[in-house]
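Here are my notes on the model you sent, set out as numbered points so that each can be checked against the coordinates.

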Amino acid sequence: MHENGVNRRQLLGGAAALAALAAVPGAKAGVHTGSDALVVDGLDTSSPLEGFIDLLETGGVDVVHKSISGLESLGQILRLIDRNPDRVALARSVADIHAANEAGRIAMIVGFQSANHLERLYHKRPFESYDTMKSVFRAYVELGVRAHGITYNVTNVFGGGNMDHDVPLTRAGRVLVETIHEHNVILDVGGHCAEQTSFDAIAVSDGVPVVATHTNMAALNPNMRAISDGLAEAIAGTGGVIGLTAISDFLVRHPGVLDEYPERSPRAQIETLVDQYDYLKNLVGIDHVGLGPDFIWGWGPSFPHPPGADMVFPVDSLGYGLAHTVEGFEDISELPNLVQHLRERGWNNAELDKMLGENWMRVYGEVWGA
């Protein structure tokens, strides 16, 4: 919050923090734990506008993983950084993250949720080689990509989407996973990706932490975007982290509620998301739980789900109309509210530090190196 002369790290605990926050317009009291641990928003799809930086600052975020879909969206992020060089910086390494933090800037990393941009190579040229795919992948790495998924709900040339959980990782998918690891990029499975494809990708990733940047637990709500206990345990077994989304329907909507709510479900409350955090912590341990809210701030009417448009998001997974985040954690500026609810559930400072960023930073270091 540079225009007010307040460093984000000064907003993290005790009476002094409350006094500082009171002097900052729009800031919220009770931010985080008072430690020096970095706070990492593990996956965010909000629009790359100056208002997004405001929300990150108010939430006390030090690092954000910003999702991209291709060169155009990456270019939008680079323009945002160019316009705000004193507030945000692109990070390609852990060292870059720390350098940004020391300079009072938010570190922004970028990643793909799927490999659909690579699959298009095969649609354009059916006899394309793996060398072309690897070359394009490397180009994105050079531009800053540091995390990468496989599918986005729908099955592609690399593996199954979450509407086809039994589809395995394909031969091309194995090459993709090997290429991801060759370049020390974080592999993102689960959520949008089929269970079997995810398990297969983990098997190819022996010795490398694998993550699910943004998903939920199917045991609490069997939405197709959620993952099984077994997959969560497999991800944790690699040393990876599971981030939990704050998208309302992914927490409350599933095929069993369609008779009662055929088109839209009631908006989920923050307590429902906190239930997910408690469940995941108890299942895999605090070392494998992270923020992955998948916020959609700024999308507005550009993210409606029209009736019948079910090819990617069937109505049993996402209701028609505008998508909503949970009440009480609607964008990243309300992160202190989530922290307070977790405290009320008995989470201590050490657990909060791990969930808020230490776990993500550990994986970043293990995969990327220093």
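1. Asn153 sits in the loop that runs between strand E5 (145–148) and helix H7 (171–182), and in this predicted model its phi is positive, about 70°, although Asn153 is not a glycine. Most residues other than glycine have a negative phi. Asn153 has a relative accessibility of 0% and therefore counts as buried, the cut-off being under 20%.

2. A second residue to inspect is Asp294, which is not a glycine and yet takes a positive phi of about 60°. Asp294 belongs to the loop between strand E10 (289–291) and strand E11 (304–305), and with a relative accessible area of 8% Asp294 is buried.

3. Where is Trp347 placed? Trp347 lies in the loop between H12 and H13, and its relative accessible area of 3% makes it a buried residue. Leaving out residues up to four places away in sequence, Trp347 touches Tyr277, Asp278, Lys281, Ile286, Val289, Leu342, Leu352 and Met355. Should you want a long-range check, the C-alpha atoms of Trp347 and Leu55 are separated by 24 Å, the two residues being 292 residues apart along the chain.

4. The helices on either side of that loop also pack against each other: the axes of helix H12 (residues 335–344) and helix H13 (residues 349–368) come within 11 Å and cross at roughly 140°. Because that angle does not exceed 145 degrees, the cut-off for roughly antiparallel, H12 is oblique to H13. The crossing of H12 past H13 is right-handed, and in it Leu335, Val339, Leu342 and Arg343 of H12 meet Asn349, Leu352, Met355 and Leu356 of H13. The residues of this contact divide into six nonpolar, one polar and one charged.

5. Which residues touch the most other members of the largest nonpolar core? This core has 76 residues, and the ones in question are Ile150, Tyr277, Leu335, Leu338 and Met355. Helix H11 (residues 270–284) gives the most to this core, contributing six residues. For Leu338, neighbours within four places in sequence aside, the contacts are Ile270, Leu273, Val274, Tyr277, Leu291 and Phe329. Apart from the largest core there is another, of 20 residues, including Ala91, Val94, Ile109 and Val363. In soluble globular proteins, nonpolar side chains tend to be buried together.

6. A further helix pair is formed by helix H8 (residues 195–204) and helix H9 (residues 229–237), which pack at an angle of about 20° with their axes 11 Å apart. This angle is under 35 degrees, and H8 and H9 are therefore roughly parallel to each other. H8 passes H9 in a left-handed crossing, where Glu195, Ser198, Phe199 and Ile202 of H8 meet Gly230, Leu231, Ala234 and Ile235 of H9. By type, the residues of this contact divide into five nonpolar, two polar and one charged.

7. Which residues of H9 are buried, and what covers them? The buried residues in H9 are Leu231, Ala232, Ala234, Ile235 and Ala236, and their cover includes H8, strand E7 (210–217), strand E8 (226–227), strand E9 (242–244) and H11. Just after H9, Gly239 takes a positive phi of about 90°.

Technical notes. Residues are numbered from 1 along each chain as its sequence is written. This is a predicted model: local features need pLDDT of at least 70, side-chain atom pairs count only at pLDDT 80 or more; totals for chains, interfaces and linings use all residues. Side-chain values use heavy atoms; hydrogens and water are left out. Axes are lines fitted to C-alpha atoms, for helices over the stretch in contact, and angles run from 0 to 180 degrees between N-to-C directions. Helices (H or I, at least four residues) and strands (E, at least two) are DSSP runs, numbered from the N terminus. Angles under 35 degrees count as roughly parallel, over 145 as roughly antiparallel, 65 to 115 as roughly perpendicular and the rest as oblique. A crossing is left-handed if the near helix is turned anticlockwise from the far one by less than a right angle, and right-handed if clockwise. Contact means heavy atoms within 4.5 Å. Ala, Val, Leu, Ile, Met, Phe, Trp, Tyr, Cys and Pro count as nonpolar, Asp, Glu, Lys and Arg as charged, and the others, Gly among them, as polar. A nonpolar core is a set of buried Ala, Val, Leu, Ile, Met, Phe, Trp, Tyr and Cys residues joined through side-chain atoms within 4.5 Å. Buried means under 20% relative accessible area, exposed over 50%, partly exposed in between (1.4 Å probe, protein chains only).
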